[in-house]
Amino acid sequence: QVQLVESGGGLVQAGGSLRLTCSFYGSTASMYDMDWYRQAPGKTRDLVASISPDGSLAYSDSVSGRFTISRDNAKNTVYLQMNSLKPEDSAVYYCKAEHLSGGPDYWGQGTQVTVSS
């Protein structure tokens, strides 16, 4: 079975940092674009950052300059370094693997990030 597991969430003060980790099990992560999404209560689930197998990067305007996505294909692991956190960053953060050739996509269970003011 394929499984994505997020870790690294928690409670942090505004201006602080967290590093989220997404571990991919059961397949080869190099066949997928790896994304981080987030969803706050009452809001839609929005794309935060994306990284392709060759390292191409994309960020939402709301996090550009503060967050950094990276991946280690050998370890089937993706990271999201979050700096200068704001209360509006509070959400459940989800890792998503998007198959590049029409196969199924996979979601992790999510990890809670809470930023206090």
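Cys-22 and Cys-95 form a disulfide, with 2.1 Å between their sulfur atoms; the term denotes a pair of cysteine sulfur atoms within 2.5 Å. The structure is a predicted model, in which local features need pLDDT of at least 70 and side-chain atom pairs count only at pLDDT 80 or more, while totals for chains, interfaces and linings use all residues. Residues are numbered from 1 along each chain as its sequence is written, and side-chain values use heavy atoms, with hydrogens and water left out.

## The disulfide

A search of the whole structure finds one disulfide. The torsion about the S-S bond of Cys-22 and Cys-95 is about -85°, so the disulfide is left-handed. The pair links distant parts of the chain, 73 residues apart: Cys-22 belongs to strand β3 (residues 18–25) and Cys-95 to strand β9. Strands here are DSSP runs (E, at least two residues), numbered from the N terminus. Both cysteines, Cys-22 and Cys-95, are buried; buried means under 20% relative accessible area, exposed over 50%, and partly exposed in between, for a 1.4 Å probe and protein chains only.

## The open sheet that contains β3

Strand β3 is part of an open sheet of four strands in the order β1-β3-β8-β7, with antiparallel pairing. Two strands count as paired if DSSP finds at least two bridges between them. At the edges stand β1 (3–7) and β7 (67–72), each with a single partner strand, so one side of each is left without a neighbour in the sheet. From one strand to the next, the twist averages 15°; axes are lines fitted to C-alpha atoms, and angles run from 0 to 180 degrees between N-to-C directions.

β1 and β3 run antiparallel and are joined by five bridges, and Ser-7 stands opposite Thr-21 in β3. In a regular strand the side chains alternate between the two faces of the sheet. Along β1, Leu-4 and Glu-6 point to one face and are buried, whereas Gln-3, Val-5 and Ser-7 point to the other and are not. At the other edge, β7 is joined to β8 (residues 77–82) by six antiparallel bridges. Val-78 in β8 is the bridge partner of Arg-71.

## Pairings of β9

Strand β9, which holds Cys-95, has several antiparallel partners, set out below.

| Strand paired with β9 | Bridges | Example of facing residues |
|---|---|---|
| β4 (residues 32–39) | eight | Tyr-32 and His-99 |
| β11 (residues 111–116) | three | Tyr-93 and Thr-111 |
| β10 (residues 106–107) | two | Ala-97 and Tyr-106 |

β9 itself covers residues 91–99. With β10 it forms a hairpin that has six residues between the two strands, and Gly-102 in the turn has a positive phi of about 85°.

## Loop residues with positive phi

Most residues other than glycine have a negative phi. Asn-76, although not a glycine, has a positive phi of about 50°. Asn-76 is placed in the loop between β7 and β8 and is buried, with a relative accessible area of 16%. Ser-23 and Asn-76 are 53 residues apart in sequence, yet their C-alpha atoms are 6.1 Å apart in space. Ser-23 lies in strand β3 and is buried, with a relative accessible area of 16%.

Ser-84 is another residue other than glycine with a positive phi, near 50°. Ser-84 lies in the loop between β8 and β9. At 42% relative accessibility, Ser-84 counts as partly exposed.

## The largest pocket

The largest pocket holds about 190 Å³ of space. A pocket is an open set of points on a 1 Å grid over the protein atoms alone, where a 1.4 Å probe fits, with protein on both sides within 12 Å along at least five of seven lines; lining residues have an atom within 4 Å of a point. The volume is the space filled by probe spheres set on the points, which are joined across faces, edges and corners.

The lining comprises 15 residues, of which Arg-38, Ala-40, Lys-43, Asp-46 and Glu-88 lie nearest the centre of the pocket. β4 and β5 (46–51) are the elements that give two or more residues to this lining. β5 gives the most, with three residues.

By class, the lining has five nonpolar, five polar and five charged residues. Here Ala, Val, Leu, Ile, Met, Phe, Trp, Tyr, Cys and Pro count as nonpolar, Asp, Glu, Lys and Arg as charged, and the others, Gly among them, as polar.
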